[in-house]
Amino acid sequence: MSSTDLVQADVAVPSPASAPKRPASPGLALAAAMLGFALITLDTSVVNVALPAIGADLRAGMSGLQWVVDSYTLAFAALLLSSGALADRIGASRAYGTGVVVFVLASAACGLAPGLPALLAARTVQGAAAAVMLPASLALVREAYGDPGRRARAVSLWAAGGTVAVALGPVAGGALTTAWSWRGIFFVNLPLGLLALALLTRVARSARRPAPLDLPGQLTAMTALGALTFAAIEGGTEAWWALGVAAVAFAAFLVIETRRRHPVVPLGLFRNTTVAVAVAAGSANSVAFYGMLFVFSLFFQQVLGLSPLAAGLMFLPMTGLLAAVNILSAKVAARYGARLPIVVGQVVAVAGLLGLLTVDADSSRVAQALLLVPLALGAGFSLPPLIASMMEAVPAERAGTAAGLLNAVRQTAGALAIAVFGSMAAESMESALRTSLLISAGFLTLTTLASLRLPGRRA
């Protein structure tokens with residue numbers, strides 16, 4: 001959702017002994033990495049405003065539209081658990097290049113999809129490629145900059161690219177859909193991806209290093225997440241079968257993780273209060289942000305009758321403030337400790353969600369757009385210190401694993417929110433709007449109370 005996803009990539013950073021020689025122009029590595037990260041984050045938000053157009057063209061119902069979003073998000077979230085280790089094994093530059101190639105080809109397949117099944121298959125491949133690209137992209141930046149000060153500034157620029165993409169996603173999606181077609185939101189990835197590949201050819205090849213892969217754990221996690229999402233979206237008798245599959249797969253996952261020497265998710269991490277609270281609060285943050293982005297995209301077009309472009313512009317005040325709020329929260333956390341901005345941010349987000357309960361078809365368009373702002377302010381203010389506090393709570397050798405876990409759970413929570421809220425919207429959009437707001441506010445309220453257990457200002 002914001003630049004704070006950058007910590008995920010720590011799992012793919014080579015050790016100093018195996019790091020390759022720094023390229024002559026580290027700026028090229030940074031530019032290549034920024035483009036890839038922007039593509040990844042763009043595709044988490046650009047699709048939402050195009051959903052009604054996709055549904056009309058491909059004759060897809062609400063469940064089909066939910067899968068258009070969740071097929072990408074689930075593949076992305078599930079494979080984040082292992083993608084850092086994969087990048088280590090084959091080298092960050094190779095992993096990144098492979099991921100970009102597959103992402104570009106999958107984007108072309110999305111744009112050319114003759115029907116919904118083809119689109120969903122291509123979106124799944126897109127998400128898998130994005131999971132490979134993310135940790136490798138930051139690894140490229142860290143390899144390119146040896147000086148810690150220059151590296152920190154480079155990482156900030158890398159993160160800014162993702163934040164800008166999130167902010168522009170709804171507007172870009174609306175503009176492309178209105179001026180051209182929903183297919184344009186996928187075709188726009190092609191020139192950007194090709195430019196990233198061209199820049200990558202000027203970057204030094206990354207070294208390989210041994211990294212254990214937990215394939216049984218990865219497969220059971222993917223099965224559990226996919227089955228759970230299927231149950232939430234499809235409903236009916238099939239939902240009970242899917243829930244059974246999810247329960248069996250999750251039980252198998254727990255057994256596997258307790259017996260593996262190098263588990264994809266070290267369950268012992270959850271014994272740390274800070275880790276447990278961070279995962280729960282990060283999930284609540286994603287439920288509120290991604291869930292509302294999905295529901296309001298449909299509300300603006302299906303209930304208010306706005307064009308895709310107008311619907312995208314409604315989100316601009318909300319998303320446009322994310323970068324500034326991220327920076328401000330970091331400064332507040334540095335001065336007062338992480339707990340204060342985490343709690344304050346969640347309280348503001350809850351207040352914003354409750355304020356949105358006043359929105360209906362007769363509300364002023366300006367008021368509707370402005371009422372979305374507190375949600376973004378709160379989410380953007382709480383998330384960076386939340387992730388930072390989690391990173392400080394785990395040993396250095398577990399930082400990458402913990403970051404991967406946090407971001408995978410956050411993405412999964414967002415996917416499940418879309419599944420549940422979309423199923424309610426299929427029955428009644430206005431009722432679903434209010435129910436989803438109350439669910440999101442309730443979840444965030446619980447995690448706000450839990451966040452009070454976090455350590456205060458450090459001495």
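In this predicted model, the side chains of Asp-43 and Arg-123 meet in a salt bridge, with a nitrogen-to-oxygen distance of 3.4 Å. The pair links distant parts of the chain, since Asp-43 belongs to helix α1 (residues 26–45) and Arg-123 to helix α5 (residues 116–144), 80 residues apart. Asp-43 counts as buried because its relative accessible area is 1%, and Arg-123, also at 1% relative accessibility, is buried as well. Side chains of opposite charge can pair when their charged atoms come close.

The structure holds two salt bridges, and the other one joins the side chains of Arg-183 and Asp-57 at 3.6 Å, again from N to O. This pair, too, links distant parts of the chain: Arg-183 lies in the loop between α6 (148–179) and α7 (184–187), whereas Asp-57 lies in helix α2, 126 residues apart. Asp-57 has a relative accessibility of 40%, so this residue counts as partly exposed. The table sets out the two bridges.

| Salt bridge | N to O distance | Separation along the chain |
|---|---|---|
| Asp-43 and Arg-123 | 3.4 Å | 80 residues |
| Arg-183 and Asp-57 | 3.6 Å | 126 residues |

The loop that follows helix α2 deserves a separate note. Arg-59 is found there, between α2 (51–58) and α3 (62–90), and its phi is near 55 degrees, a positive value in a residue other than glycine. Most residues other than glycine have a negative phi. Arg-59 counts as exposed, because its relative accessibility is 80%.

Turning to the aromatic residues, the count comes to ten aromatic pairs. One of them is formed by Trp-180 and Phe-187, whose ring centres are 5.8 Å apart and whose planes stand at 25 degrees, so the pair is stacked, the cut-off being under 30 degrees. Trp-180 counts as exposed because its relative accessibility is 53%. Elsewhere, ring pairs link Phe-296, Phe-299, Phe-300 and Phe-315 into a cluster.

Helix α8 (residues 189–200) can be checked against the expected geometry: at 1.5 Å a residue its twelve residues should span 16 Å, and the end C-alpha atoms are 16 Å apart, which agrees. The buried residues of α8 are Asn-189, Gly-193, Ala-196, Leu-199 and Leu-200. They cover an arc of only 120 degrees around the axis, and therefore lie on the same side of α8. An α-helix has 3.6 residues a turn, so residues three or four places apart point the same way. On the face of α8 turned away from this buried side are the exposed residues Pro-191 and Leu-194.

A residue of helix α6 can be placed relative to the start of α8. Thr-163 is found in α6 and, at 4% relative accessibility, therefore counts as buried. The C-alpha atoms of Thr-163 and Asn-189 are separated by 17 Å, the two residues being 26 residues apart along the chain.

Finally, the surface carries a nonpolar patch formed by Leu-321, Tyr-336, Leu-340, Val-344, Val-348 and Leu-377, which together have about 440 Å² of accessible area. Helix α15 (residues 339–355) gives the most to this patch, with three residues. Val-344, a patch member, is found in helix α15 and counts as partly exposed because its relative accessibility is 35%.

Definitions and conventions: Residues are numbered from 1 along each chain as its sequence is written. This is a predicted model: local features need pLDDT of at least 70, side-chain atom pairs count only at pLDDT 80 or more; totals for chains, interfaces and linings use all residues. Side-chain values use heavy atoms; hydrogens and water are left out. Helices (H or I, at least four residues) and strands (E, at least two) are DSSP runs, numbered from the N terminus. Buried means under 20% relative accessible area, exposed over 50%, partly exposed in between (1.4 Å probe, protein chains only). Patches are made of residues with over 30% relative accessible area and no salt bridge: like charges are joined within 9 Å, nonpolar side chains (Val, Leu, Ile, Met, Phe, Trp, Tyr) within 5 Å. Accessible areas come from the Shrake-Rupley method with a 1.4 Å probe; for residues, only the protein chains shown count as cover. A salt bridge is a side-chain nitrogen of Lys or Arg within 4 Å of a carboxyl oxygen of Asp or Glu. Rings of Phe, Tyr and Trp (its six-membered ring) pair if their centres lie within 6.5 Å; planes under 30 degrees apart count as stacked, over 60 as edge-to-face and the rest as tilted. The expected span of a helix is 1.5 Å times one less than its number of residues. The arc is that of the directions from the helix axis to the C-beta atoms.
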